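Dear colleague,

Please find below the structure that I am handing over to you. My notes on what was found in it follow directly after.

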Amino acid sequence: MKLPIGFYLRENTLTIAKELIGKFIYTNMNGEITGGMIVETEAYIGPEDRGSHAFEGRRTAKNDTMYQAGGVVYMYICYGIHDMLNIVTGLEGSSHAILIRAVEPTIGIKLMQFRRGDVPLKRLCKGPGSLAKALGLNKSHDQTSLTGNLLWIEDEGLKIKQGNIIASPRVGLSCPEPYLSIPWRFTLFGNSFVSK
DNA sequence: TATGGGATTACCT
DNA sequence: GGTAATCCCATAC
C-alpha cells in the first residue's frame with residue numbers, strides 16, 4: 001500500500017530513514033511507471049546538523065522546501081549537474097529530510113536505462129544523482145507530494161530485519177565532527193545496488 | 001555585481 | 001585515482 005501522509009509527519013527522522021529501507025519508490029510519468037526497492041538512505045536532521053542545508057535554521061529560497069510539512073520531496077542540484085531526491089519529514093517548520101541514495105530497480109528498467117543512457121543494471125539507480133535521473137526527476141519536481149500519482153512510496157509487506165540495516169557515516173560531506181562521521185547513512189546489508 | 005562552493009558522476013590514464 | 005563538467009544562489013565586496 002502507498003505510505004500515508006502520517007508516515008512522513010513524524011519527527012523521528014532517523015527511524016523513518018531506517019524504515020524506508022525495503023520500501024518501494026515509484027514515479028509515473030505519462031503512464032509509464034519506473035522504480036524499485038530503496039536500499040540506501042541518509043538522514044539530515046535540521047538545525048543541529050552541520051551537514052544539513054538547514055543548519056542553524058538557515059532558510060533561503062533554495063532550501064525552503066525542507067521546512068514544509070513532511071510528505072513532499074526536496075530536490076536539490078549538486079555541482080550544477082546532478083539532481084538529488086530528498087524526502088521531507090516532520091511537521092511544518094521542522095527542517096528534517098532524508099536523501100535517497102540508491103534503489104534496486106524492479107520496474108520500468110528499459111525506460112530508466114533510456115534516461116540514463118544504457119548503463120548496466122547494477123549502476124542504474126546507484127548514487128543519488130543516478131537515481132533521480134533514472135526516475136525522471138529533476139529540480140522542477142521540487143515540492144511534489146508523495147501522496148499524489150506522480151511520485152510515491154509503497155510498503156509491499158517486505159520485512160527487513162533490524163540487524164540487516166547497516167548504519168555508517170554519510171557520504172560526500174565536508175563538515176566538522178561529530179557530524180562528519182555520525183552514522184546517519186543506512187544501507188541494506190549485502191545488497192549490491194548500494195552505492196559504495 | 002563578483003565569486004566560490006557544493007548530499008556527484010563519468011571518463012581518462 | 002585524478003579530474004573535468006556545470007549551475008544555482010549565498011555570501012562578500
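Are Tyr179 and Trp184 buried or exposed? Both Tyr179 and Trp184 are buried. Please bear in mind throughout that this is a predicted model.

Aromatic rings and charges

A search of the whole structure gives 4 aromatic pairs. One of them joins Tyr179 and Trp184: the ring centres are 6.0 Å apart and the planes stand at 55°, so this pair is classed as tilted. Two arginines are also placed over rings. The charged end of Arg170 sits over the ring of Tyr44, at 4.6 Å from its centre, and Arg10 lies over the face of Phe7, 4.7 Å from the ring centre.

A buried serine

Tyr44 appears again in the surroundings of Ser95. Ser95 belongs to the loop that runs between β4 (82-88) and β5 (96-107). With a relative accessible area of 2%, under the 20% limit, Ser95 counts as buried. Apart from neighbours within four places in sequence, Ser95 is in contact with Tyr44, Gly46, Pro47, Ala54, Met66 and Tyr67.

DNA strand B

DNA strand B is surrounded by 22 residues, and the closest are His53, His82, Met84, Leu99 and Arg116. These surroundings divide into 9 nonpolar, 10 polar and 3 charged residues. Sugar or phosphate supplies 50% of the strand B atoms within 4 Å of the protein, and bases supply the rest.

Several polar contacts can be named. A polar side-chain atom of Asn86 lies 3.1 Å from a base nitrogen of DNA strand B. Phosphate oxygens of the strand are approached by a polar side-chain atom of Tyr76, at 3.3 Å, and by a polar backbone atom of Gly127, at 3.4 Å. The elements that give two or more residues to this surface are β3 (73-78), β4, β5 and α4 (128-134).

DNA strand C

Around DNA strand C are Arg58, Thr60, Ala61, Lys62, Tyr79, Gly80 and Ile81. Of the strand C atoms that come within 4 Å of the protein, 64% are in sugar and phosphate. The residues near this strand divide into 3 nonpolar, 2 polar and 2 charged.

Which part of DNA strand C does a backbone N or O atom of Tyr79 lie 2.5 Å from? The partner is a base oxygen. A backbone N or O atom of Gly80 lies 3.3 Å from a sugar or linking oxygen of the strand, while Thr60 places a polar side-chain atom 3.3 Å from a phosphate oxygen.

Yours sincerely

Technical notes. Residues numbered from 1 in each chain as written. Chains lettered and ligands numbered in written order. Predicted model: local features only at pLDDT ≥ 70, side-chain atom pairs only at ≥ 80, totals over all residues. Heavy atoms only, no water. Near = heavy atom within 4 Å. Polar contact = N/O pair within 3.5 Å; in protein donor to acceptor, adjacent residues only side chain to side chain. Nonpolar A, V, L, I, M, F, W, Y, C, P; charged D, E, K, R; others polar. Phe/Tyr/Trp six-rings, centres within 6.5 Å; stacked < 30°, edge-to-face > 60°. Buried < 20%, exposed > 50% of the residue type's maximum accessible area, 1.4 Å probe, protein only. Lys NZ or Arg CZ within 6 Å of the ring centre and 35° of its normal. Helix = DSSP H or I, 4+ residues; strand = E, 2+ residues; numbered from the N terminus. Contact = heavy atoms within 4.5 Å.
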